[in-house]
Amino acid sequence: MEFLIALCFLAAIVLASAFLIAFFFSEEVRATKDKDPAARSYLEIILLYPGLHALVAYRIAHELWLRRLKFLARFVSQSARALTGIEIHPGAVIGKGFFIDHGMGVVIGETAVIGDQVTLFQGVTLGGTGKETGKRHPTIGDNVVVGTGAKILGNIEIGSNSYVGANAVVLESMPENSTVVGVPARVTKQDGKRIDIMMDHARVLDPVKQQIEELQRRLNELEQKAKP
Ligand SMILES: CC(C)(COP(=O)(O)OP(=O)(O)OC[C@H]1O[C@@H](n2cnc3c(N)ncnc32)[C@H](O)[C@@H]1OP(=O)(O)O)[C@@H](O)C(=O)NCCC(=O)NCCS
């Protein structure tokens with residue numbers, strides 16, 4: 001009997017929380033539905049999406065942070081981290097329509113600024129390099145998608161309407177309308193046009209690839225010379 005009462009009590013808490021989220025965070029719920037083709041219903045999103053739960057906790061923590069209740073703000077964000085695996089510092093500034101897919105392992109630093117309609121996949125870090133003080137985390141423009149495992153480090157800017165490829169390590173600012181991939185990240189597409197790194201000498205950023213090309217060239221030369 002006690003078990004049944006406890007179960008009903010738990011169900012009531014879950015339903016009340018779902019109602020509050022639906023009422024106060026309808027914009028965030030809608031953004032999740034729009035961006036995740038796997039999301040079947042609003043109820044599923046409200047109850048089962050850790051990205052949404054982390055965002056709701058962040059919105060509350062951020063308000064507390066702005067009211068100088070910093071310990072309480074950190075307490076809310078760390079509790080959300082324990083539950084969702086997503087750590088969003090309450091000092092970060094996040095725009096509308098933000099969506100974190102899957103979520104586990106996402107870290108967003110204190111001075112990060114995120115524009116509107118941004119999507120992050122699991123394992124993304126918006127972090128510092130450890131060498132800067134003050135504003136030391138990235139600024140992400142509007143409509144940016146950051147692929148799984150990507151690390152964007154330092155006080156740099158990712159231009160609006162850009163893609164950051166999975167597992168990229170971005171250490172320099174990137175222009176608008178671009179796709180960046182690799183370690184360290186480089187622009188591979190801009191304004192819909194593919195950029196051939198090896199043909200564009202102003203953008204040569206991959207010394208390992210250059211070395212391999214040079215070795216290949218010399219090998220070809222030697223092979224030519226060795227021919228009878
Ligand atoms: C970068 C990305 C957005 C594709 O952009 P794109 O402009 O369509 O890129 P393409 O597929 O045309 O590839 C262009 C080049 O970049 C390379 N590339 C693509 N993604 C890459 C990545 N993440 N890391 C390194 N190289 C990558 C391709 O191999 C190709 O190289 P090539 O020119 O030597 O053949 C996509 O590959 C990506 O990483 N998306 C993230 C998706 C994600 O995280 N999903 C998680 C779901 S759980």
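## Close-up views of the predicted model

**View 1. Gln122 and the residues it touches.** Skipping anything up to four places away in sequence, Gln122 touches Asp101, His102, Gly103, Met104, Gly105, Val106 and Thr148; touching, or being in contact, means that two C-beta atoms, placed from the backbone, lie within 7 Å. Keep in mind that this is a predicted model: local features need pLDDT of at least 70, side-chain atom pairs count only at pLDDT 80 or more, and totals for chains, interfaces and linings use all residues. Residue numbers start from 1 along each chain as its sequence is written. Gln122 sits in the loop between β6 (119–120) and β7. Helices (H or I, at least four residues) and strands (E, at least two) are DSSP runs, numbered from the N terminus. Is Gln122 buried or exposed? It is partly exposed, because 18 other C-beta atoms lie within 10 Å, and the scheme calls a residue buried at 20 or more such neighbours within 10 Å, exposed at 12 or fewer, and partly exposed in between, with C-beta atoms placed from the backbone. As for Asp101, its C-alpha atom is 6.3 Å from that of Gln122, although the two are 21 residues apart along the chain.

**View 2. The open sheet of 5 strands.** The strand order here is β1-β4-β7-β10-β13, and the pairing is parallel. β1 (87–88) and β13 (169–170) are at the edges with a single partner strand each, so one side of each has no neighbour in the sheet. Strands count as paired if DSSP finds at least two bridges between them. Inside the sheet, β4 (residues 107–108) and β7 (residues 125–127) run parallel and share 2 bridges. Ile108 has Leu126 in β7 as its bridge partner.

**View 3. The open sheet of 4 strands, with Ile140.** Another parallel open sheet has the order β2-β5-β8-β11. Its edges are β2 (93–94) and β11 (157–158), each with a single partner strand, so each has one side without a neighbour in the sheet. Strand β5 (residues 113–114) pairs in the parallel sense with strand β8 (residues 139–140) over 2 bridges, and Val113 stands opposite Thr139 in β8. Ile140 also belongs to β8. Why does Ile140 count as buried? Because 27 other C-beta atoms lie within 10 Å of its own. Leaving out neighbours within four places in sequence, Ile140 is in contact with Ile114, Gly115, Val118 and Ile158. Leu126, 14 residues away from Ile140 in sequence, is 9.1 Å away in space, C-alpha to C-alpha.

**View 4. The shell around the ligand, and the β14–β15 hairpin.** There are 13 residues around the ligand, and Gly147, Thr148, Gly165, Ala166 and Val181 come nearest; a residue qualifies if its C-beta atom, placed from the backbone, lies within 6 Å of the molecule. By class, the shell has 4 nonpolar, 8 polar and 1 charged residues. For that tally Ala, Val, Leu, Ile, Met, Phe, Trp, Tyr, Cys and Pro are nonpolar, Asp, Glu, Lys and Arg are charged, and the others, Gly among them, are polar. β14 (178–181) and β15 (186–190) each supply at least two residues of the shell. These two strands run antiparallel, joined by 4 bridges, with Val181 opposite Arg186 in β15. They make a hairpin with 4 residues between the strands, and Gly182 in the turn has a positive phi of about 95 degrees. β14 also runs parallel to β12, with 2 bridges joining them; Tyr163 has Thr179 in β14 as its bridge partner.

**View 5. The largest nonpolar core.** This core has 45 residues, and Ala54, Val146, Ile152, Val164 and Val170 have the most contacts inside it. A nonpolar core is a set of buried Ala, Val, Leu, Ile, Met, Phe, Trp, Tyr and Cys residues joined through C-beta atoms within 7 Å. Elements giving two or more residues to the core include α2 (26–35), α3 (42–48), α5 (70–84), β3 (99–100), β10 (151–153) and β12 (163–164). Which element gives the most to this core? That is α4, with 8 residues. Ala54 itself touches Ala80, Thr84, Ile86, Ile88, Ile100 and Gly103, not counting residues up to four places away in sequence.
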